[in-house]
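The report below considers a metal site, the ligand beside it and a pocket. Please keep the sequence and the structure in view while reading.

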Amino acid sequence: MAREISINPLTAHGFFAEIVGADLADPSDDAQFATIKAAHLAHGVIVIRDQRLTPDQQIAFSRRFGPLAIHVLEDQLLAGHPEILLVSNKTEDGRYVGLPDAGRFWHTDQSYERRPALGSLLYALEVPSDGSGDTLFCDMSAAYAALPAATKDRLNGLRGMHIYDHGHKAFALGEAQKARLPGHDHPLVRTHPETGRKALYLGGKVLKHVIGLEADESAALLDELYAHCQSETFVYRHKWRLGDLVFWDNRCTMHFAQPYDDATYTRHMHRTTVQGDIPV
Ligand code: OGA
Ligand code: MN
């Protein structure tokens, strides 16, 4: 019998939807896959509630959306499952098992690569019991659509340079990792390869400057765009529940991890990343 899956948009304009009744442990369910894929494209970000997934099950489900990317942070991957990046403040033998400070600024995943991530699937295994550790998501298609026509004209043809060169709380990138990450330029406005919708494509501190503009002009333009995106109209705050698997479309959204009291609470998540196209 087919599963009863319900899709509940959590904002008035349909950005971010909750999916109840799915069971991703069975990746061979074609009808369920089609429903989830359509919801992902329609809503930009989906949270699939109440999952119980082994690493292999999460990987198998994620692979249905395309080949998986292996994150450059090889020391923060799950042992035996390099497709899984550990977003976690757990420690073992005095060392963080994963990345304790992932995404503490507005960004879209792997924008510093030639082929940035299509989507990321972040699965909550432990969440802070005080309800902190939210993630903000921004609807970059709606943000683009709402720009004044003059700004849209100005953005036409402009490209930004994306470079991953920031350090982390517990470690810095190694020389070999830096050598693998020269950075890439991408359009500031990209067209979604599946929906055809245009979206702003920005990268927070990974997006260094707008190519061809003077430094102050570039900074002023980016500040204006970030200020526009942060309007409540485009931003949804996700409060995590145990068993949530949040799947965001990196081609038309940004996200921002909110700080929490990581000396007191544990937040432990498994992330898989689907490889995307070259942005155009
Ligand atoms: C990520 C990320 C946000 C969070 O895993 O790519 O940015 O809230 N995580 O953990
Ligand atoms: Mn991220």
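## Ligand and metal sites

A polar side-chain atom of His255 lies 3.0 Å from an oxygen atom of ligand 1, in what is a predicted model. Two further side chains make polar contacts with oxygen atoms of ligand 1, namely Thr135, through an N or O atom at 2.6 Å, and Arg271, through a polar atom at 2.6 Å. The table sets out these contacts by residue.

| Side chain | Partner | Distance |
|---|---|---|
| Thr135 | oxygen atom of ligand 1 | 2.6 Å |
| His255 | oxygen atom of ligand 1 | 3.0 Å |
| Arg271 | oxygen atom of ligand 1 | 2.6 Å |

The surroundings of ligand 1 also include Val87, Gly103, Leu122, Trp248, Ala257 and Arg267, and, together with His255, the residues His107 and Asp109.

Which residues coordinate the manganese ion (ligand 2)? The donors are NE2 of His107, OD of Asp109 and NE2 of His255, at 2.1 to 2.2 Å, and in sequence these donor residues follow the spacing H-x1-D-x145-H. His107, Asp109 and His255 are thus named both among the donors of the manganese ion (ligand 2) and among the residues around ligand 1.

Are His107 and Asp109 buried or exposed? With a relative accessible area of 8%, His107 counts as buried because that value falls under the 20% limit, and Asp109, at 3%, is buried because its value falls under the 20% limit as well. His107 is located in the loop that runs between β7 (95-96) and β8 (117-126), and its side chain reaches the backbone oxygen of Phe105 at a distance of 2.8 Å.

## The largest pocket

Turning to the open space in the protein, the largest pocket holds about 170 Å³. It is lined by 14 residues, of which Leu41, Ala42, Gly44, Ser141 and Arg197 are the closest to its centre. Which helix gives the most to this lining? That helix is α1, with three residues; α1 (30-43) and α3 (140-145) each supply at least two residues of the lining. Sorted by class, the lining of the largest pocket consists of five nonpolar, seven polar and two charged residues.

Note on methods
Residues numbered from 1 in each chain as written. Chains lettered and ligands numbered in written order. Predicted model: local features only at pLDDT ≥ 70, side-chain atom pairs only at ≥ 80, totals over all residues. Heavy atoms only, no water. 1 Å grid on protein atoms, 1.4 Å probe; cavity = no way out; pocket = protein on both sides within 12 Å on 5 of 7 lines; lining within 4 Å. Points joined across faces, edges and corners; volume = space filled by probe spheres on them. Helix = DSSP H or I, 4+ residues; strand = E, 2+ residues; numbered from the N terminus. Nonpolar A, V, L, I, M, F, W, Y, C, P; charged D, E, K, R; others polar. Donors = N, O, S within 2.8 Å, 3.2 Å for Na, K, Ca; no water. Buried < 20%, exposed > 50% of the residue type's maximum accessible area, 1.4 Å probe, protein only. Near = heavy atom within 4 Å. Polar contact = N/O pair within 3.5 Å; in protein donor to acceptor, adjacent residues only side chain to side chain.
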